[in-house]
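Subject: Structure for you to look at

Dear colleague,

I am passing on the structure we spoke about, and I would be glad if you could open it beside this message. My notes come after it.

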Amino acid sequence: MKALEIYKLLPKTNCKKCGHPTCLAFAMKLATGKVEVEACPDLDSGTKALLGGATRPPVRLVEVGVGERSVAVGEEFVLFRHEKTFYHPPGIMVQVSDTWPEERVRSIVETVRERVVHRVGMDLVLTGVAVRDESGSPDRFAETVALAGGGSALPLVLIASDPVSHEAALAVAGHYQPLVHAATEENWQDIVALAKRYGCPLAVRAADPAGLAVIARECADAGVSDLMLDPAPRSLRDYIAAATEIRRGAIGRTEPALGYPIFLDTTPLGETDAALAAGILKYAGIIVVPPLPSASVEAALTLRQNIYTDPQKPIQVTPGLYPVNEPGRGAPVLLTVNFSLTYFTLLGYLEASRIPSYLFVVDTEGLSVLTAVAGGKLTETLVADSLRNFRAPELVNHRLLIIPGYAAPLSGKIEDATGWKVMVGPRDAAELAGYLEKEWVV
């Protein structure tokens with residue numbers, strides 16, 4: 001609902017209790033999700049109900065697991081991330097089977113729990129474990145769930161078609177809110193009863209979005225509102241088409257029963273890397289994958305981090321003067337920007353070179369060097385003020401500043417503004433060590 005439509009429903013008062021000067025301002029905040037409708041005490045219950053349905057997130061927030069490693073998915077507002085941003089990264093759940101040896105199950109669970117990818121100052125991890133019932137034995141399924149930690153350490157997905165198997169597994173893990181997969185047209189009543197008893201989120205499965213909407217409505221009416229939608233794709237093409245239709249229906253509010261996160265099981269599709277990438281790019285909330293090689297883990301976690309970074313707010317580091325390799329007073333000072341990827345790339349090359357230096361990071365609002373120069377965010381005034389504020393003259397006994405190759409057009413202006421002599425470094429960070437060994441002489 002747009003701000004003007006909301007405004008027409010609001011009382012025309014200056015309500016200080018809401019913290020807004022006029023109802024038009026409140027309507028604009030309500031339309032953009034910055035305040036909740038309950039913040040206005042002057043609204044009657046009918047209007048609150050109407051506006052609440054129109055302004056709440058079109059995709060419901062669903063949480064799987066408990067504790068620090070739990071994952072919240074959904075609560076998304078847009079079809080394309082450049083319109084606003086995507087908020088809740090998908091959970092990547094590594095599959096184990098209840099037919100596998102105990103040692104293999106334990107090994108995979110341990111890998112999921114301990115695997116960390118360090119990138120641009122962040123620790124990226126896999127989310128949890130999906131236990132698949134392939135033995136047909138409820139007891140064996142429950143034992144494997146217990147081997148996977150029962151949900152106490154990592155979020156779990158329980159994948160079984162037989163309600164009896166689910167009942168056995170939930171007796172072990174139900175208190176840790178695993179995702180129960182899946183309610184279908186044939187078994188939804190029994191599965192819903194179990195999910196409701198244990199307070200667990202539930203995935204519903206059907207061959208098309210229309211069928212998903214029908215089952216989702218039935219499950220919600222039966223008392224389970226934390227739902228996920230599995231469109232049961234037969235190919236990557238099927239998944240992308242179904243996921244797009246589901247998301248359009250939710251964002252456009254044309255089918256409220258599609259307003260839930262999407263579940264993607266990549267295992268039947270083959271092409272695991274491509275399917276995982278498709279899920280990350282196209283709206284999946286939980287993605288089940290077979291055990292992955294290290295390169296695939298790093299690629300997937302990197303892609304997920306990139307897609308779920310606000311495109312209007314790049315990842316930034318704090319501006320400052322950072323010592324690298326224990327520099328002394330004769331160490332070079334290298335100018336860079338506070339775009340995290342730039343900073344950590346430079347830091348990696350400098351640390352590997354073992355050359356003592358200072359990394360001089362200025363605030364370009366998270367923009368890269370080339371973008372900051374073109375957009376006027378990297379200026380001679382900023383450099384001069386930052387040198388003074390970070391007390392660079394007190395740390396070194398020279399007045400030489402190395403700037404990135406892409407900032408070369410600013411070299412003369414920086415010299416005039418700072419009184420420091422400027423040296424233009426390479427454009428490629430990989431060439432920095434060689435440049436310093438050859439050019440840096442104080």
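The notes below deal with one serine and with the strands around one part of the sheet. Please keep in mind throughout that this is a predicted model.

I began with Ser97, which lies in strand 3, a strand that covers residues 91-97. Its relative accessible area is 0%, and because buried means under 20%, Ser97 counts as buried. The side chain of Ser97 makes a polar contact of 2.8 Å with the side chain of Thr99. Leaving aside residues up to four places away in sequence, Ser97 also touches Val105, Arg132, Glu134 and Thr144.

From there I followed strand 3 to its pairing with strand 12, where the two strands run in the parallel sense and are held by four bridges. One position where you can check this on screen is Gly91, whose bridge partner in strand 12 is Ile286.

Strand 12, which takes in residues 284-289, is itself mostly covered, with six of its six residues buried. It is also joined to strand 11 (residues 262-265), again in parallel, by four bridges, and here Leu264 has Ile287 of strand 12 as its bridge partner. Between strand 11 and strand 12 the chain passes through helix 10, made up of residues 272-281, and the resulting β-α-β crossover is right-handed.

With best wishes

Note on methods:
Residues numbered from 1 in each chain as written. Predicted model: local features only at pLDDT ≥ 70, side-chain atom pairs only at ≥ 80, totals over all residues. Heavy atoms only, no water. Buried < 20%, exposed > 50% of the residue type's maximum accessible area, 1.4 Å probe, protein only. Polar contact = N/O pair within 3.5 Å; in protein donor to acceptor, adjacent residues only side chain to side chain. Contact = heavy atoms within 4.5 Å. Pairing = 2+ DSSP bridges. Right-handed = clockwise from strand over helix to strand, strands pointing away.
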